[in-house]
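Trainee: I should like to learn how to read a structure of this kind, one feature at a time. May we begin with a residue and work outwards from there?

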Amino acid sequence: MIRLLIVDDHPIVRDGLRAAFEAEPDIDVAGEAANGREGIDRAVALEVDLVLMDLRMPEMDGVTAITALRHSHPHIKTLVLTTFDGDSDVLPAIEAGATGYLLKDAPTDELLRAVRAAAAGEPVLSPSVAGRLMGQVRRPVKAALTDRELQVLALVADGASNRQAAAKLFISEASIKTHLLHIYDKLGVRDRAAAVGEGYRRGLLS
């Protein structure tokens, strides 16, 4: 029996997912949660095997929750179920430790197969997500970050705003924004959080 927790901030989505599993004799929906923080607490309290995790939620997002669960309870598997398949969503989730990544438009039978596979520890990826990961692997290596860009990235990782980073480096906010754009391009990301995550992944941050 697979004990499953559904984590999504939309009640209608949770209801629909619960209904999809009701007829399955080997899947027990042990509970639900509306955000990542609640999901962590309930996953532990209910002793679930697998968490079906949305990504963009209030209070705590899915990637943060996946990371926390991986460190505190590595035996609990997570399967991402979301509407987003961009690089800035897929890569951080996989790097955080998600066993699989599925889109919400997947047919019910595909969802059921994915849940069973993920619970068994087998990696599961929707076709579009697999294609993105392949593209990321095949993408030519971008130019290395300059010393100044590394300084900006380190400050962003420490939580500095553009204004604070500019003050620390004695340059203008406009220059910080320009450096960030260059960093995003070189790392193949689209926002600050993804840049920091990629920076740690590549060993640019410690």
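Trainee: Is Glu47 buried or exposed?

Mentor: This is a predicted model, and the class of a residue follows from its relative accessible area, with exposed meaning over 50%. Glu47 has a relative accessibility of 63%, and therefore counts as exposed.

Trainee: Where does Glu47 lie?

Mentor: Glu47 belongs to the loop that runs between helix H2, residues 36–45, and strand E3, residues 50–53. The backbone deserves attention as well: Glu47 is not a glycine, yet its phi is positive, at about 50°.

Trainee: Which value of phi does Phe170 have?

Mentor: The phi of Phe170 is near 60°, which is again a positive value in a residue other than glycine. Phe170 is placed in the loop between helix H8 (162–169) and helix H9 (173–187). Its relative accessible area is 76%, so Phe170 is exposed.

Trainee: How should I read a phenylalanine in a helix, and is Phe21 buried or exposed?

Mentor: The cut-off to apply here is that buried means under 20% relative accessible area. Phe21, which lies in helix H1, has a relative accessible area of 1% and is therefore buried.

Trainee: Which residues does Phe21 touch?

Mentor: When residues up to four places away in sequence are not counted, Phe21 touches Leu4, Ile6, Ile27, Val29, Leu52, Leu111, Leu112 and Val115. Distance along the chain and distance in space should be read separately. Phe21 and Thr108 are 87 residues apart in sequence, while their C-alpha atoms are 9.1 Å apart in space.

Trainee: What can be said of Leu17 in the helix H1?

Mentor: Helix H1 covers residues 11–21 and includes Leu17. Leu17 counts as buried because its relative accessibility is 11%. Its contacts, leaving aside neighbours within four places in sequence, are with Ile6, Leu52, Leu81 and Leu111. For a separation in space, take Leu17 and Asp87: they are 70 residues apart along the chain, and their C-alpha atoms are separated by 25 Å.

Trainee: There is also a class in between. Why does Lys104 count as partly exposed?

Mentor: The partly exposed class lies between the 20% and 50% limits. Lys104 has 28% relative accessibility, and so counts as partly exposed. The residue sits in the loop between strand E5 (100–103) and helix H5 (108–119).

Trainee: With which residues is Lys104 in contact?

Mentor: Beyond neighbours within four places in sequence, Lys104 is in contact with Asp8, Val13, Asp54, Leu81, Thr82 and Thr83. By comparison of position, Lys104 and Asp158 are 54 residues apart in sequence and 34 Å apart in space, C-alpha to C-alpha.

Trainee: How does one read a pocket, and what is the volume of the largest one?

Mentor: One reads its volume, then the residues that line it. The largest pocket has a volume of about 450 Å³. Of the 21 residues in its lining, Val63, Ser88, Pro92, Ala193 and Ala194 are the closest to its centre.

Trainee: Which helices each supply at least two residues of that lining?

Mentor: They are helix H3 (62–72), helix H4 (87–96) and helix H10 (192–201). H4 provides the largest share, with seven residues.

Trainee: What are the contacts of Arg192 and Glu198?

Mentor: Both residues may be found in helix H10. Arg192 has 27% relative accessibility, and thus counts as partly exposed. Apart from neighbours within four places in sequence, Arg192 is in contact with Val156, Ala160, Ser161, Asn162, Leu180 and Tyr184. The C-alpha atoms of Arg192 and Val156 are separated by 7.3 Å, with these positions 36 residues apart along the chain counted as their separation. Glu198 counts as buried because its relative accessibility is 3%. Glu198 touches Glu95, Leu187 and Val189, once residues up to four places away in sequence are set aside.

Trainee: How many helices and strands does the whole protein have?

Mentor: The protein has 10 helices and six strands. Of its 206 residues, 44% count as buried. Its C-alpha trace spans about 60 × 35 × 30 Å along the principal axes.

Notes:
Residues are numbered from 1 along each chain as its sequence is written. This is a predicted model: local features need pLDDT of at least 70, side-chain atom pairs count only at pLDDT 80 or more; totals for chains, interfaces and linings use all residues. Side-chain values use heavy atoms; hydrogens and water are left out. Helices (H or I, at least four residues) and strands (E, at least two) are DSSP runs, numbered from the N terminus. Buried means under 20% relative accessible area, exposed over 50%, partly exposed in between (1.4 Å probe, protein chains only). On a 1 Å grid over the protein atoms alone, a cavity is a set of points where a 1.4 Å probe fits but cannot get out, and a pocket is an open set with protein on both sides within 12 Å along at least five of seven lines; lining residues have an atom within 4 Å of a point. Grid points are joined across faces, edges and corners, and a volume is the space filled by probe spheres set on the points. Contact means heavy atoms within 4.5 Å.
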